[in-house]
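Me: I have a model open in front of me and would like a close look at a single part of it. Could you start from one residue and work outwards until I can see how that part sits in the whole?

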Amino acid sequence: MILGIGTDLANIERIARTLERFGDRFRTRVFTDIEQRKAEARADTAGTYAKRWAAKEACSKALGTGLRMGIAWKDMAVSNLPTGQPVMQVTGWAAERLAEMTPPGHSAIIHVTLTDDHPWAQAFVVIEARPDITGGGAG
């Protein structure tokens, strides 16, 4: 079952200006060390940050809170599988909110997709609850 859906559109040029103006203060307030390493290793640094910014906004919307009620930017983090597929991890208050949303006997899965077409970066997040698979079988 779908627990939440969120989307966000971020302007890459706006993120680039924010990076120029606030530098490390912005980076360390919003992005985890892993996210920063990923973005700084890419040719399109601002675009990479913008996609992750959009993902955090989209995730907060899918959690049903937006960026309020104690959720912190770093409570939501985007990394990539070896295949390149982005994945979202939540910690802190975001993880607590996810646990509250998840029905008993289910596990939550956060799906995230990112795209960009300069000057725009976009993210979609879908939070799904899947029934837990229990052991046992025909006796």
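Reply: Happy to. Let's begin with V87, which lies in strand β3, residues 86–90. Please keep in mind throughout that this is a predicted model.

Is V87 buried or exposed? Its relative accessibility is 18%, and the cut-off for buried is under 20%, so V87 counts as buried. Leaving aside residues up to four places away in sequence, V87 touches A77, V78, S79, N80, L81 and V112. H111 is another residue to look at here: 24 residues separate V87 from H111 in sequence, while their C-alpha atoms are 6.8 Å apart in space.

From V112 we can step into the sheet. V112 stands opposite V125 in β5. The strands β4 and β5 run antiparallel and are joined by twelve bridges. The connection between β4 and β5 is a hairpin of two residues. P119 has its place in this loop between β4 and β5, and the peptide bond that joins H118 and P119 is cis, with omega about 10°.

On to the sheet as a whole. This is an open sheet of three strands, in the order β1-β5-β4, and the pairing is antiparallel. β1 (2–11) and β4 (106–117) stand at the edges with a single partner strand each, so one side of each has no neighbour in the sheet. From one strand to the next, the twist averages 15°. β5, residues 120–131, also pairs with β1 in the antiparallel sense, this time over nine bridges. Within that pairing, L9 has Q122 of β5 as its bridge partner. Helix α1 packs on the sheet, where it touches β1, β4 and β5, and the direction of α1 makes about 70° with that of β1.

V125 deserves a stop of its own. Not counting residues up to four places away in sequence, V125 touches G4, I5, G6, A55, A58, C59, A62, I110, H111 and V112. V125 is also among the residues with the most contacts inside the largest nonpolar core, together with W53, L63, M88, V90 and I127. That core has 33 residues. At least two of them come from each of α1, α3, β2, β3, α4 (92–101), β4 and β5. The element that gives the most to this core is α3, with nine residues.

Now for two of the helices, starting with α4. Which residues of α4 are buried? They are A94, L98 and M101. Seen down the axis of α4, these buried residues fall within an arc of 60°, so they line one face of the helix. A99 and E100 are exposed on the other side of α4. The cover over the buried residues of α4 includes β1, α3, β2, β3, β4 and β5, so you can follow the view from here straight back to β3, the strand that holds V87.

Helix α2, residues 33–41, can be read in a similar way. Its buried residues are E35, Q36 and A39. The arc they cover around the axis is only 100°, which puts them on the same side of α2. D33, R37 and A41 are exposed on the other side of α2. The buried residues of α2 pack against α1 (12–30), α3 (45–62) and β2 (76–80).

Finally, let's step back to the whole chain. The protein has four helices and five strands, and from the N terminus on its elements run β-α-α-α-β-β-α-β-β. Taken along the principal axes, the C-alpha atoms fill a box of roughly 65 × 35 × 25 Å. Of the 139 residues, 43% count as buried, V87 being one of the buried residues. Among contacts between residues at least 6 apart in sequence, 58% join residues at least 24 apart. The protein exposes about 7,600 Å², of which carbon and sulfur atoms supply 53%.

Key: Residues are numbered from 1 along each chain as its sequence is written. This is a predicted model: local features need pLDDT of at least 70, side-chain atom pairs count only at pLDDT 80 or more; totals for chains, interfaces and linings use all residues. Side-chain values use heavy atoms; hydrogens and water are left out. Buried means under 20% relative accessible area, exposed over 50%, partly exposed in between (1.4 Å probe, protein chains only). The arc is that of the directions from the helix axis to the C-beta atoms. Contact means heavy atoms within 4.5 Å. Two strands pair if DSSP finds at least two bridges between them. Axes are lines fitted to C-alpha atoms, for helices over the stretch in contact, and angles run from 0 to 180 degrees between N-to-C directions. Accessible areas come from the Shrake-Rupley method with a 1.4 Å probe; for residues, only the protein chains shown count as cover. A nonpolar core is a set of buried Ala, Val, Leu, Ile, Met, Phe, Trp, Tyr and Cys residues joined through side-chain atoms within 4.5 Å.
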